[in-house]
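This report describes the fold of a single protein chain, with attention to its strand pairing, its backbone exceptions and its nonpolar core. The sequence and the model are shown first.

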Amino acid sequence: MRSTLEPTWGRLLVIFGLSSLLAAEDKPSAPKKPPKVALAHPLALPVGKATKVVVRGWELEQVNEVRVSQPDVQLKLLVKSKAAVPNKQDAKQVGDTQLELELTVAAEPVSGELTLVLVTPETESTSFSLLLGASEPRIDEVEGNDGFRQAQSIQVPQVVDGALHADQNVDVFVFELAAPQTVVIETIARQRGSALDSLLTLYDDQTNILEISDDQRGTTDSYIERQLPAGRYFLSLQDAHDRGGPAHPYRLVVRGAAIAR
Ligand SMILES: [Ca+2]
Ligand SMILES: [Ca+2]
């Protein structure tokens with residue numbers, strides 16, 4: 001009897017195996033991971049000017065639509081690609097794919113945030129935001145500002161949107177105060193996804209260090225508040241680990257207030 005039963009069990013197992021395979025084919029495939037954003041570079045959009053924005057993150061290749069939070073924005077999806085992870089940096093922090101967008105915000109003058117959602121045929125990212133305009137006069141950083149002699153002149157108040165574009169890059173700025181002021185200087189970087197761990201140093205006219213700020217208020221961003229006599233001052237911004245690259249954008253904000261007498 002054994003000799004006739006064994007082949008029968010064998011056939012049943014084969015048929016069961018086939019039917020479970022067929023059933024597996026009928027099941028929907030596992031849901032795709034939603035796209036996830038690490039950071040956008042630059043962190044902020046000027047108003048009234050077409051701006052290329054590179055969004056870095058994960059699972060961005062499938063994105064075929066971008067939704068924005070306000071109607072008066074022109075948007076073009078330019079390129080989706082793998083993104084090289086900069087030397088010695090962590091793909092878990094800076095992402096491994098990227099999207100290039102061109103965004104034009106028509107309304108003016110505004111400040112605040114523009115919220116975006118990246119959409120794929122199957123799913124979508126959580127929302128993320130770009131800073132929009134500025135409440136102080138805004139300028140872009142001009143490269144070449146990597147030493148005291150090449151310092152970029154700024155006003156007080158001023159907002160500067162820039163980046164540490166390479167390892168060991170230092171950005172240097174210079175400003176003048178015509179009267180004594182309380183000056184507040186801060187960086188906005190890690191709090192908006194930038195890989196930059198900012199280190200901010202304030203110097204007097206002779207490049208003597210007056211104050212250094214590394215981390216503040218639960219972030220790796222920097223903050224200096226100081227009463228200063230009239231005069232000329234330098235400000236340097238660098239990464240605390242000497243890193244730089246496509247994941248290191250920042251916004252630098254300098255504000256002043258007259259000192260009450
Ligand atoms: Ca720079
Ligand atoms: Ca820091």
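## Strand pairing and backbone features

Strand β13 (residues 181–188) pairs in the antiparallel sense with strand β16 (residues 223–228) over six bridges. Within this pairing, E186 stands opposite Y223 of β16. β13 also pairs with strand β18 (residues 249–258), again in the antiparallel sense, and here eight bridges are found. In that second pairing, T187 stands opposite L252 of β18.

The model is predicted, and the mean pLDDT of the chain is 88, with 87% of the residues at 70 or more. Over residues 1–24, the pLDDT is below 50, and beyond near neighbours in sequence this stretch has zero contacts in the model. Where pLDDT is low, the predicted coordinates should not be read in detail.

The chain contains two helices and 18 strands. Of its 261 residues, 35% are buried. Among contacts with a separation of 6 or more, 68% join residues that are 24 or more positions apart.

### An open sheet of five strands

Five strands form an open sheet of mixed pairing, in the order β10-β12-β17-β14-β15. Because β10 (152–153) and β15 (209–213) each have a single partner strand, they stand at the edges, and one side of each is left without a neighbour in the sheet. At the β15 edge, the pairing with β14 (residues 198–203) is antiparallel and runs over four bridges. One of the bridge partners in this region is S213 of β15, which is matched with L200.

### Backbone exceptions in the loops

Which peptide bonds are cis, and which residues other than glycine have a positive phi? The table sets out four cases, each with its angle.

| Site | Backbone feature | Angle |
|---|---|---|
| H41 to P42 | cis peptide bond | omega near 5° |
| V156 to P157 | cis peptide bond | omega near 5° |
| E59 | positive phi, not a glycine | phi about 60° |
| T207 | positive phi, not a glycine | phi near 65° |

These sites can be placed on the chain as follows. P42 is in the loop between β1 (36–41) and β2 (44–45), and P157 is in the loop between β10 and β11 (158–163). E59 lies in the loop between β3 (51–58) and β4 (65–68), while T207 is found in the loop between β14 and β15.

Are the two residues with positive phi buried or exposed? E59 counts as partly exposed because it has 18 C-beta neighbours inside 10 Å, a number below the 20 required for a buried residue. T207 has 11 C-beta neighbours inside 10 Å and therefore counts as exposed.

### The nonpolar core

The largest nonpolar core has 51 residues. Those with the most contacts inside this core are A40, L45, V55, L130, L235, Y250 and V254. The core draws at least three residues from each of domain 1 (36–133) and domain 2 (138–258).

V254 offers a closer view of the surroundings of one core residue. Leaving aside neighbours within four places in sequence, V254 is in contact with I154, V156, P157, Q158, F175, V183 and I185. Two of these contacts, V156 and P157, are the residues joined by one of the cis peptide bonds.

Key. Residues numbered from 1 in each chain as written. Chains lettered and ligands numbered in written order. Predicted model: local features only at pLDDT ≥ 70, side-chain atom pairs only at ≥ 80, totals over all residues. Pairing = 2+ DSSP bridges. pLDDT = per-residue confidence, 0-100. Contact = placed C-beta atoms within 7 Å. Buried ≥ 20, exposed ≤ 12 C-beta atoms within 10 Å, placed from the backbone. Core = buried A, V, L, I, M, F, W, Y, C linked by C-beta atoms within 7 Å. Domains from an automatic or database assignment.
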